[in-house]
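Visitor: Hi, I've got a new structure to look at and I'd like some help finding my way around. Can we go through it together?

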Amino acid sequence: MMPADNHTFSDPMTYILTGIPGTEESHVWISIPFSLMYIATLFGNSLLLFIILTERSLHEPMYLFLSMLAAADLLLSTTTVPKMLAVFWFRAGEISFAACLTQMFFIHVSFIAESAILLAMAFDRYVAICNPLRYTMILNKSVIGKIGLAVVTRSFCFIFPVIFFVKQLKFCRTNRLPHNYCDYMGIARLACNNITVSVWYGVAMAILVIGLDAVLIAVSYGLILRAVFQLPTKEARLKALHTCGSHVCVMLMFYTPAFFSSFANQFGHIIPGYILNLLANLYVLIPPMLSPIVYGVTTKEILKRVINVFHRCCSRSSLLS
């Protein structure tokens, strides 16, 4: 590699998103499951938001947190998937530096927000099961509003330094990003100056978001399990476990690909590019798609209202015909 002094430093006006490296001939076929997952994400989360917001009986802490999660899922998928499909269908990988920073900002903001919402949902279940008599007093609408504000504030506070670090980087190599979307570490690796601070901030952010939130969630569910097995009847224990089951499924779907993607990014030099890309795609596609399905199937109140919505739609269509 040439010495840094011989490089011509520049700030790229545009980047080129190349998609998944080594699969260029299969982009059209890869786009089919991607587009189907995106449609399912839009439909599932929009329906979930509609049901929660229009049904006054669902204006409870658990469902309000669930509506926040659905909104974050919509933001995450809508920020990434349309550009992915443009790359796959039209080879339209060109993206301006400003648009790339904006996309990166909203991807990471929504990801950090989702992690915080999942933590809030774990706290909600802890209070509901371990301290049911004070549930409505502890988690009143004012507290939920403050939690929502804290979720947004924390996300912005973590991401603003990322924007600062990226804008300080000097680029002298290729402007081709071997990804489907603009990612912090993907952009940083194109820089010619020292990115040690950027890398360590990325590691610290992953530890604080993925690590700390996951530990606190695990502690919450440990306390919940202890309380559940102290309940007097088998029916009460099964009901409590059923209530928590959907939350645990969604948390595993969210943290598992996020953990492996974050881990793989730190060892990108020894892991093939297509694996890094696959992991990165998994955590922006799978959790937003499956989350409303899991809650819709396992939560009796939501499932009942989903069936009612479809029944009303079918009744109206039969009347029109």
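Visitor: Okay, which helices each supply at least two residues of the lining of the largest pocket?
Guide: Keep in mind that this is a predicted model. The helices are H2 (61–90), H3 (97–130), H4 (135–138), H5 (141–168), H8 (234–266), H9 (273–298) and H10 (300–320).

Visitor: Which one gives the largest share?
Guide: That's H8, with seven residues of the lining.

Visitor: And how much space lies in that largest pocket?
Guide: About 670 Å³. The pocket is lined by 29 residues, and Met62, Arg125, Lys239, Thr243 and Glu301 are the closest to its centre.

Visitor: What's the lining like by class?
Guide: It's a mix: 14 nonpolar residues, nine polar and six charged.

Visitor: How do people look for empty space like that, anyway?
Guide: You roll a probe the size of a water molecule over the atoms, and that shows where empty space is left.

Visitor: Cool. What volume does the second largest pocket have?
Guide: About 210 Å³ for that one. Its lining has 14 residues, and those nearest the centre are Gly44, Leu47, Pro292, Ile293 and Gly296. Two or more lining residues come from each of helix H1 (27–54), H9 and H10.

Visitor: Which helix gives the most there?
Guide: H1 does, with six residues.

Visitor: How many charged residues are in that lining?
Guide: There are no charged residues in the lining of the second largest pocket; by class you get twelve nonpolar and two polar.

Visitor: New topic: how many residues are in the largest nonpolar core?
Guide: 99 residues. Inside this core, Tyr15, Met104, Leu118 and Ile187 have the most contacts. As for helices, H3 gives the most to the core, with 19 residues.

Visitor: Let's take Leu118. What is Leu118 in contact with, leaving aside its neighbours within four places in sequence?
Guide: Leu69, Ile217, Val250, Met251, Phe254 and Tyr255.

Visitor: One more residue: where's Ser220?
Guide: You'll find Ser220 in helix H7, which covers residues 196–228.

Visitor: Is Ser220 buried or exposed?
Guide: Ser220 counts as buried, because its relative accessibility is 12% and the cut-off for buried is under 20%.

Visitor: So what does Ser220 touch, setting aside neighbours within four places in sequence?
Guide: Ser220 is in contact with Ala122 and Tyr126.

Methods
Residues numbered from 1 in each chain as written. Predicted model: local features only at pLDDT ≥ 70, side-chain atom pairs only at ≥ 80, totals over all residues. Heavy atoms only, no water. 1 Å grid on protein atoms, 1.4 Å probe; cavity = no way out; pocket = protein on both sides within 12 Å on 5 of 7 lines; lining within 4 Å. Points joined across faces, edges and corners; volume = space filled by probe spheres on them. Helix = DSSP H or I, 4+ residues; strand = E, 2+ residues; numbered from the N terminus. Nonpolar A, V, L, I, M, F, W, Y, C, P; charged D, E, K, R; others polar. Core = buried A, V, L, I, M, F, W, Y, C linked by side-chain atoms within 4.5 Å. Buried < 20%, exposed > 50% of the residue type's maximum accessible area, 1.4 Å probe, protein only. Contact = heavy atoms within 4.5 Å.
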